[in-house]
Structure formats: structure tokens, C-alpha cells
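Q: Got a minute to look at some helix packing with me? I'll put the model up.

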Amino acid sequence: RKATRTYHPCVLLSVLQLGKQEKRIHKKVKLYTMNQENAEEANEVGSLSSGSLEPPPTGSEDQEDVDDYDADGGGAETPTQESDAAAAVEGQVPKIREKTQATPIEKKTNIDARLTQAQESYTRDASRQRSKDVGVLSTKFRQFRIHLNELKPIIKSYQQANKELHAARTKLYSDLAVMSVDSPFYDIVGKKLDSDALSEAPTTEAAIQVAEESQTHSLVGVNQIAKASLPVLEAEYQEQIVDYILEWQAAVANKVDKLMKDTEDMRVKQQHYRVKLEKLREEKSASDAKGKDFPMRKREKLVRNEEKYRQSMNEHEEKASELCHMLESVVNLAWQDMMPLVQHTMIWERARYDNDDGSYANQFRVVLESLSQEITRVEAEEDSEDLEAALSIQKEKHEILKDKLNRLQMALSGDWETKNELFRKFDVM
């Protein structure tokens, strides 16, 4: 009789649950694998339609020939794919990664648009071989880029120098104001404008109006008037000059660096196939010299590599010609990008001069007139005090002389024998 085995109901339930869980995991893994294959097929079809990828080699080709040139060393599974696969095996749903879109930045220059237009206007001409011009144009571009990179710290240095100038001027005027305390000239040196009224005056004209209404014409007040429009001037310098040069550098790097990298990658790829082709040709020559038949498999490999070499050479020539066109647009037409920077610099300098002229030049005239009047007044007061002191001294001397005359008259009217006796008696010597 066949023996039968009985299991506990809990064991049967656990086995049943494990079976269902295993089916769910296999189902999720199968679904994830299908999605990955569909995505790879879509990418491969899109790449082949654009002509950027070569058809994959067949299984009958030699493994050395199958290993086509890959500049990025691709083919390895990325950490993201590994983590998604691990999540699927564990029964978890892979996370959907959404691409974050950066907020578009408002352009302050037309450099990117000009270079984009130059790139779009490029006409591909296979008969025009320009790879030989890449070296000369690249040298010119590097020199241009050195000058462009040196311009940025100079512009920022000038910006910092203006800030330090205003800070040093404010410090100087403040120290002079402290020294003028308890002097007749404090109102002309250290008296300040009303800070609340000045905070509502964002322009030089409005700050001058505040000074006129309060009848405050001082050295510190003039500096306060000049500083009223400094935030606007500093913001304009940052936006129109500093940000302009930064955007210029970014536009050039964005357009040229990628083209230069692509051209160099294609040159390396061309060199890769040329080395392989030379090696195969040497093997064929050696085989022919020995009177042996060159293997059919290597003959086919030689034909394939010759075609790949021609294709890579054409691609390199086309990309090199496009790079030359872009380098010429950047270097030879750089004056079109420089003129707005020069114009913005001159406009800003004029605004700075107008601010200094309206505050320091005009207001200093008023302060100097007030100072001249105050000096005249103080000198007049000093002269008056000196005259009063001199008159007081003369009056004292007059009283002393008058007293002596009175005493002498009294002595002359009395009895005396000799003149010396008279002087000793009344002590008029």
C-alpha cells in the first residue's frame, strides 16, 4: 500500500502563498524586461534613422570585428538599470524618474542666437575638405578665448574698485565729520540729511530736493546724495557688463566646445579604423607573399573595415568643416559681440559721470560757497574780538596815566624841598 504523508494546514498555506508571490515577481520581471527591450528598440530605430549608428554585427563575424569602436566605452549596465532590476526582483515597482525642466534664463545678449543662426546657415559640401584648416582656426580661437577669459576678471576688478572707492570716500568724510564736532564748521562738514526722507529718494534729483528742503549743504550730505543712486548703478553694471561677458563665454563654450569634442571623437574613431585596416592589409600582404590564400573570413573583415574607414573619414571631414565654419563665426565676427559690450560700458560710464556731476560737482559748489561765507564770518568775529581786547588794554593804560597825573598835580601843589623827595613821597617814578 502506498504511504501517504499529511502536512499541517499552516505549512500548506505558506507554500501556497510563496507560489503566488513567486508568480507575481516573475510577472513583474517579465513586464519590466519587455519595457526595457521596447525602449532599446525605439532608441536603436531612432539612431539608425538619423544615421548616427551602424547596424549591429552578425553572429558569424569574428569577435574582434564585432568589437566596433565605442568612444564612451558603452555597453555596461548602468547603476540605475541595476537598481531597477533589483527592485523588480524584490517585488517592488521601479521608480519613475522624471526629468526636471530648468527655468529658462532671460538672455542679455544676442550671441547665442547669432551663433545658432551661423550654425544653421552652414551648407554641407562634401567636396570641400576643411579638416586641414582646423589647426589654424583652433589656434586663433584659443587666442581669442584667452583674451575673452582675461576680460572677465578685469571687468569684475573695475566693479570692485568702484565699490571700494565709494566705501573709502564715505569713511574719509565720516572721519572729517567727527573731527568737526564742536567747531563752527560742523554744519558744513558733518551735518547729515534726514535718513527717512532720503530712503524715499532713489535718484540723485530726489536726494538733492531733500537737501534743498532741509537747507542742509554739507560734505557728508553731498556724499549721501551721491550714494542715493549707487544701487541702481551697481545693478546696471552687473546686468549690462558683468552678466554680458559671462553669457558671452557661456555661449561660445556651448557652441564650440561640443563641436570640437565631436570632431576630435570622430578623428580618433577614424584613426582607430585606419590602424585596424593597416593591420589587415599587412596580414594580407604577408599571406600573398607566402603564396597562401587569404582566409575568406578576413577578406570580408577587410572589406567591412575599409567601408567603416571611408565612412568615418567622411563623417570627420563633414564635422571638421562645420567646426571651421563655427570658429570663423566666433573669431572673425567677434566684433559684432564686442560692440554691445563697448556700448553698454560707455552708457554706464556716462550715467556714473552724470551722477557724480549732479551730486559732487554741483553740490560741492554750494557747500564751498557756504564754507567760504562761514570762514569770512568767523574771521570777522575774531577781528572784532581782537579789537575789543586792544581797546580794553588802552583804556586800562589811560586810567593809570590819568591817576599818575592827578597825583603829580597834588604833589606840585604841596611843600617839598627837592625833586627826588617829591618822587619818593608820592612814588610817581
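Q: How do α5 and α9 run relative to each other, roughly parallel or roughly antiparallel?
A: This is a predicted model, where local features need pLDDT of at least 70, side-chain atom pairs count only at pLDDT 80 or more, and totals for chains, interfaces and linings use all residues. Residues are numbered from 1 along each chain as its sequence is written, and side-chain values use heavy atoms, with hydrogens and water left out. α5 and helix α9 (residues 219-227) pack at about 155° with axes 9 Å apart, so they are roughly antiparallel.

Q: What are the cut-offs behind that?
A: Under 35 degrees is roughly parallel, over 145 roughly antiparallel, 65 to 115 roughly perpendicular, and the rest oblique. Axes are lines fitted to C-alpha atoms, for helices over the stretch in contact, with angles from 0 to 180 degrees between N-to-C directions. Helices are DSSP runs (H or I, at least four residues), numbered from the N terminus.

Q: What's the handedness of α5 passing α9, and which residues touch?
A: α5 passes α9 in a left-handed crossing (the near helix is turned anticlockwise from the far one by less than a right angle; clockwise would be right-handed). R169, T170, Y173, L176 and A177 of α5 meet L219, V220, N223 and K227 of α9, with contact meaning heavy atoms within 4.5 Å.

Q: And by class?
A: That α5 contact with α9 has 5 nonpolar, 2 polar and 2 charged residues. Ala, Val, Leu, Ile, Met, Phe, Trp, Tyr, Cys and Pro count as nonpolar, Asp, Glu, Lys and Arg as charged, and the others, Gly among them, as polar.

Q: OK, what about α5 and α10?
A: Their axes come within 11 Å and cross at roughly 165°, so α5 and α10 are roughly antiparallel. The residues in that contact divide into 17 nonpolar, 6 polar and 6 charged.

Q: How does α4 sit against α10?
A: Helix α4 (residues 111-120) packs on α10 (residues 230-289) at about 25°, axes 9 Å apart, so those two are roughly parallel. α4 passes α10 in a right-handed crossing. On the α4 side the contact uses I111, D112, L115, T116 and Q119, and on the α10 side Y244, W248 and L259 are among the residues met.

Q: Switching topic: how many cavities of 30 Å³ or more are there?
A: There is 1. The largest cavity holds about 110 Å³.

Q: Which helices line it?
A: α5 (134-179), α10 and α12 (334-412) each supply at least two lining residues of the largest cavity. The lining includes H166, E234, W348 and R352, and by class it has 4 nonpolar, 3 polar and 3 charged residues.

Methods
On a 1 Å grid over the protein atoms alone, a cavity is a set of points where a 1.4 Å probe fits but cannot get out, and a pocket is an open set with protein on both sides within 12 Å along at least five of seven lines; lining residues have an atom within 4 Å of a point. Grid points are joined across faces, edges and corners, and a volume is the space filled by probe spheres set on the points.
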